[in-house]
Amino acid sequence: MDEKRKFFPPATGGISLLVSFAVLCLTVFALLSLATVQANGRLMDASVQAVEDYYAADCEAMNILALLREGTVSDGVSVEGDVYSYSCPISETQDLMVEVQLQGKNYTILRWQAVSNQEVNPDLDGGLNVWDGMPAF
């Protein structure tokens with residue numbers, strides 16, 4: 001009796017496809033993680049620079065205040081009665097605005113605020129396109 005045996009190879013196609021898909025997913029997740037770490041690093045560097053710039057301007061403003069308390073009015077300080085106003089640049093887009101009321105050696109800080117020095121023009125592109133409730137035909 002001549003019996004023919006049928007040979008069935010192991011089913012590796014589905015498993016290979018599943019492993020390839022898993023490796024591809026892990027590679028994509030690794031690249032996304034790397035991009036996130038790099039973006040967080042850039043954000044951290046920008047935050048550190050912003051804090052350093054603010055405290056440099058704060059130190060300059062404190063030095064001007066010390067000079068005012070000694071009776072010396074620096075360049076860039078405007079005087080209205082007993083209120084002295086000046087600003088110290090923080091960055092290209094921000095200034096530290098200071099207003100101090102001096103009465104002898106005593107002082108009262110009226111304003112110590114970081115403000116934007118950029119001009120805002122809301123009508124630059126014809127304003128905002130706000131829906132007025134009417135259908136646009």
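# Questions on a helix and a four-stranded sheet

User: In β4, which residue is the bridge partner of aspartate 95?

Analyst: The model is predicted. Strand β3 covers residues 94-103 and runs antiparallel to β4, with 10 bridges joining the two. Within β4, aspartate 95 is matched by valine 115.

User: What pattern does the protein chain follow, read along the sequence?

Analyst: Count the elements to begin with. There are one helix and four strands. Along the sequence they give α-β-β-β-β.

User: In what order do the strands of the open sheet lie, and which are the edge strands?

Analyst: The open sheet has antiparallel pairing and the order β1-β2-β3-β4. An edge strand here pairs on one side only. That picks out β1 (78-80) and β4 (106-116).

User: By how many degrees are neighbouring strands of this sheet turned against each other on average?

Analyst: The sheet has four strands with antiparallel pairing. Direction is ignored for this angle. The average turn between neighbours is 20°.

User: Helix α1 packs on the sheet; what angle does its direction make with that of β2?

Analyst: Helix α1 covers residues 13-70. It touches β2 (83-89), β3 and β4. Against the direction of β2, its own makes about 150°.

User: In the hairpin of β1 and β2, which residue takes a positive phi?

Analyst: The two strands pair in the antiparallel sense over three bridges. Glutamate 80 stands opposite valine 83 in β2. Two residues lie between the strands, and the one with a phi near 70° is glycine 81.

User: How many residues lie between β2 and β3 in their hairpin?

Analyst: These strands run antiparallel, joined by seven bridges. Serine 87 has methionine 97 as its bridge partner in β3. The hairpin's number of residues between the strands is four.

User: Which side chains of β2 point to one face and are buried?

Analyst: In a regular strand, side chains alternate between the two faces of the sheet. Here Val83, Ser85, Ser87 and Pro89 point to one face and are not buried. The buried set, on the other face, is Tyr84, Tyr86 and Cys88.

User: Valine 98 has which bridge partner in β4?

Analyst: On the β2 side, valine 98 in β3 stands opposite tyrosine 86. A nearby register point is known too: leucine 96 stands opposite alanine 114 in β4. For valine 98, the β4 partner is tryptophan 112.

User: What phi does glycine 104 take?

Analyst: Glycine 104 belongs to the hairpin of β3 and β4. Two residues lie between those strands. Its phi is positive, near 75°.

User: In the largest nonpolar core, which element gives the most residues?

Analyst: The core has 14 residues, and Leu68, Tyr86, Cys88 and Leu96 touch the most other members. Elements giving two or more residues are α1, β2 and β3. The top contributor, with five residues, is α1.

User: Which residues does cysteine 88 touch, not counting residues up to four places away in sequence?

Analyst: Cysteine 88 is buried, on the same face of β2 as Tyr84 and Tyr86. It is also among the core members that touch the most others. Its contacts are Ala57, Glu60, Ala61, Ile64, Asp95 and Leu96.

User: How many aromatic pairs are there, and what is the geometry of tyrosine 54 with tyrosine 55?

Analyst: The count is one aromatic pair. Tyrosine 54 and tyrosine 55 lie 5.2 Å centre to centre, with 80° between the planes. Planes over 60 degrees apart count as one class, so this pair is edge-to-face.

User: Which is tyrosine 55, buried or exposed?

Analyst: Tyrosine 54 has 27% relative accessibility, so it counts as partly exposed. Tyrosine 55 has 52%, and the cut-off is over 50%. Tyrosine 55 is therefore exposed.

User: How far apart in space are glutamate 119 and threonine 93, C-alpha to C-alpha?

Analyst: Glutamate 119 sits in the segment after β4. It is exposed, with a relative accessible area of 77%. Threonine 93 is 26 residues away in sequence, and in space the distance is 9.8 Å.

User: What share of the accessible surface of the protein chain belongs to carbon and sulfur atoms?

Analyst: Of the 137 residues, 13% count as buried. The accessible surface comes to about 11,500 Å². The carbon and sulfur share is 59%.

Notes:
Residues are numbered from 1 along each chain as its sequence is written. Side-chain values use heavy atoms; hydrogens and water are left out. Rings of Phe, Tyr and Trp (its six-membered ring) pair if their centres lie within 6.5 Å; planes under 30 degrees apart count as stacked, over 60 as edge-to-face and the rest as tilted. Buried means under 20% relative accessible area, exposed over 50%, partly exposed in between (1.4 Å probe, protein chains only). Two strands pair if DSSP finds at least two bridges between them. Axes are lines fitted to C-alpha atoms, for helices over the stretch in contact, and angles run from 0 to 180 degrees between N-to-C directions. Contact means heavy atoms within 4.5 Å. A nonpolar core is a set of buried Ala, Val, Leu, Ile, Met, Phe, Trp, Tyr and Cys residues joined through side-chain atoms within 4.5 Å. Accessible areas come from the Shrake-Rupley method with a 1.4 Å probe; for residues, only the protein chains shown count as cover.
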